[in-house]
Amino acid sequence: MKTFLCQIAAMGAAVLAALLAAPAAHAGKTLDAIKARGQVVCGVNTGLAGFAIADAGGKWSGLDVDVCRALAAAVLGDGQKVKYVPLDVPQRFTALQSGEVDVLSRNTTFSLTRDASLGLHQTAVTYYDGQGFIVPTKSKIKNVRQLKGQTVCVQSGTTTEKNLIDYSRANDLDIKPVMFEKIDTATGAYLAGRCIAYTTDASGLASLRSRVPGGAAIHSILPDLISKEPLGPLVRRGDDEWFAVVKWVIYGLVEAEEYGVTQANADQLKASSTHPVVQRILGTSEDTGKLLGLDRDWLLRAVKTTGNYGEIFERNVGPKSALGLPRGLNNLWNKQGLMYAYPIR
């Protein structure tokens, strides 16, 4: 009996030792498929300046696009290895559910219903937004209360539609929604004067205003926000390994900003920094990549490809960009914002 118990104890110790000695993550089916094809398939907006838009030569740019590029750099070593699939609102969730795309990086709001009922995982917030309204400057409308009884263009099948109806009912405004399936049709109707206002996320309003004739001189964005709209990428449920990769690439870009790691200085810091967090971010002191099914330079490559989160924000939507949006809630937590990355350790 004593010999048998000793054998059991020895087997348990061996299993424990094996687990401790092999912390590397299993890659998971999505990550395996991405590596096999050599490309990340990324669902994006059909055209939203600052977030995802293609130029005349077919080159994509925007905050959501940079997330895709950072993922490709981390996983495949090259931020250009991305296939962009432009998706309308009715297509976006089905395309991810069916496996047509690996990740949906398409200015999509995180909500309970979407998290709990679509078979999808919400990863990490890349932009904190809120729903607003744009009106012709000549209308003299200065706040949402002045929209009482007025027509407002809105895209159907979105959280925007529900928010508008709820807000109107709760505040006895009797706003009359004019709904359109496609965003281009909704904005076109507003610009043609079919509605006194158009409503969507405030970032989307800034995007619209940046590309229409007259811009801010002709169109005013009201100061009121009627909702919380945390936007970020989604992935399919059932593949925790890929979920972890997407989430940690985003957190890594935010933490890189917090510790001053930039696109320009990443290589220099890798060679010279003695800061323990910077060393972990850049793979100098620890190989965090093996926990994600990646190599140790995964985050170094992501930062070198897109810059840190602050650089991505400034380039695409910040005060010096065409959209001219303030950092606001999207600033780091230690600068009065909401961007708070889980630690890379």
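**Entry 1, cysteines.** I numbered the bonded cysteines of the protein in sequence order and noted the pairing as 1-2, 3-4. The model I am reading is a predicted one. My search of the whole structure returned two disulfides.

**Entry 2, C42 and C68.** I looked up the disulfide between C42 and C68, and its S to S distance is 1.8 Å. C42 sits in strand β1 (residues 40-45) and C68 in helix α3 (residues 63-76); the two are 26 residues apart, so I noted a link between distant parts of the chain. I then checked exposure, taking under 20% relative accessible area as buried. C42 has 0% relative accessibility and therefore counts as buried. C68 is buried as well, at 0%.

**Entry 3, C153 and C195.** The sulfur atoms of C153 and C195 are 1.9 Å apart, and I recorded this pair as a disulfide. The torsion about its S-S bond is about 75°, so I wrote it down as right-handed. C153 belongs to strand β9, while C195 is in the loop between α7 (183-191) and β11; the disulfide therefore ties together parts 42 residues apart in sequence. C153 has a relative accessible area of 0% and is buried. C195, at 4%, also counts as buried.

**Entry 4, the sheet around C153.** I followed β9 (residues 151-155) to its neighbour β10, with which it pairs in the parallel sense over five bridges. Opposite C153, I found V178 of β10. I then traced an open sheet of five strands, ordered β10-β9-β11-β8-β12, with mixed pairing. Its edges are β10 (176-180) and β12 (219-221); each has a single partner strand, so one side of each lacks a neighbour in the sheet. From one strand to the next, the twist averages 30°.

**Entry 5, strand β8.** Which strands does β8 pair with? I found four bridges to β11, running antiparallel, and three to β12, also in the antiparallel sense. In the first pairing, G132 has T200 of β11 as its bridge partner. In the second, P136 is matched with H219 of β12.

I next asked how many residues of β8 are buried. The count is six of the six, so the strand is largely enclosed by the rest of the structure. In a regular strand the side chains alternate between the two faces of the sheet. I therefore listed β8 by face: Q131, F133 and V135 lie on one side and G132, I134 and P136 on the other, all of them buried.

**Entry 6, helix α8.** Last, I looked at helix α8 (residues 202-210), which lies across β8 (131-136), β11 (197-201) and β12. I noted that α8 runs at about 125° to β11.

Notes. Residues are numbered from 1 along each chain as its sequence is written. This is a predicted model: local features need pLDDT of at least 70, side-chain atom pairs count only at pLDDT 80 or more; totals for chains, interfaces and linings use all residues. Side-chain values use heavy atoms; hydrogens and water are left out. Two strands pair if DSSP finds at least two bridges between them. Axes are lines fitted to C-alpha atoms, for helices over the stretch in contact, and angles run from 0 to 180 degrees between N-to-C directions. Contact means heavy atoms within 4.5 Å. Buried means under 20% relative accessible area, exposed over 50%, partly exposed in between (1.4 Å probe, protein chains only). A disulfide is a pair of cysteine sulfur atoms within 2.5 Å.
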